[in-house]
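Work through the following exercises with the sequence and the coordinates side by side. Each task is followed by a solution that proceeds step by step.

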Amino acid sequence: MIGIDIIDLQDPLLKNRTGSDRFILHPEDRIARDFWDYWTAKEAIFKCQRKPGPFKPKDIPINFVSEQKFLSDDWKGTVISTENYCLSLAGSATDHFIFTKETSDPSLEIREKIAKWFLDEHKIKTSVVLDTNGLPVLSHDQLPISITHHGRFMAFACVLN
């Protein structure tokens, strides 16, 4: 499975989370990272699990094994931090793609960009649909896709055959 999450670090509505670690940290987490590294890693792992239900970050342990790599139970992941965003990928994603938001409807826009990307890059006509659990899959092959958007950024991860 795959998971991705992105946070726009320049979003003016993004609050300083200093001291908020206690709301998201699992007892096994190592406290030596930025809040958003943990948040995006936990969200990416949650999406990998593909379980319908609420996101409970305190229930997801994260162990950073290097500057970018992390583990969580049987899952592996990567955090990519820039001055503009913090992005985490987890699971078996073979690639990820980041877009800049251009409209006021990022949910619709990312789905349209995914369809266009698959058509332009792979000559595959597809769309994002929901499986029986209400989780996103590609219409042409029913493979899971993970989608995220925040502030100026949108991204998706998938397994490319």
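**Exercise 1.** How many salt bridges does a search of the whole structure find?

*Solution.* The model is a predicted one, in which local features need pLDDT of at least 70 and side-chain atom pairs count only at pLDDT 80 or more, while totals for chains, interfaces and linings use all residues. Residues are numbered from 1 along each chain as its sequence is written, and side-chain values use heavy atoms, with hydrogens and water left out. A salt bridge requires a side-chain nitrogen of Lys or Arg within 4 Å of a carboxyl oxygen of Asp or Glu. With that criterion, the search of the whole structure returns five salt bridges. One of them pairs glutamate 102 with lysine 113, whose closest N and O atoms are 3.5 Å apart. Because glutamate 102 sits in the loop between strand E6 (95-100) and helix H2 (106-122), whereas lysine 113 belongs to helix H2, the pair ties together parts that are 11 residues apart in sequence.

**Exercise 2.** Determine the strand order of the five-stranded sheet, and then place helix H1 against this sheet.

*Solution.* Helices (H or I, at least four residues) and strands (E, at least two) are DSSP runs numbered from the N terminus, and two strands pair if DSSP finds at least two bridges between them. The open sheet of five strands then reads E1-E5-E4-E3-E2, with antiparallel pairing. Its edge strands are E1 (2-8) and E2 (63-64), each of which pairs on one side only. Within the sheet, five bridges join E4 (residues 75-81) to the antiparallel E5 (residues 85-91), and glycine 77 stands opposite alanine 90 in E5. Helix H1 (residues 35-49) packs on the sheet, touching E1, E2, E3 (69-72), E4 and E5 (contact means heavy atoms within 4.5 Å). The direction of H1 makes about 150° with that of E1, where axes are lines fitted to C-alpha atoms, for helices over the stretch in contact, and angles run from 0 to 180 degrees between N-to-C directions.

**Exercise 3.** Describe the three-stranded sheet, beginning with the order of its strands.

*Solution.* The order is E6-E10-E9, again in an open sheet with antiparallel pairing. E6 and E9 stand at the edges with a single partner strand each, so one side of each is left without a neighbour in the sheet. Neighbouring strands of this sheet are turned by 15° against each other on average, direction ignored. Six bridges join E9 to the antiparallel E10 (residues 153-158), and threonine 148 stands opposite alanine 155 in E10. Helix H2 packs on this sheet, touching E6, E9 and E10, and its direction makes about 50° with that of E10.
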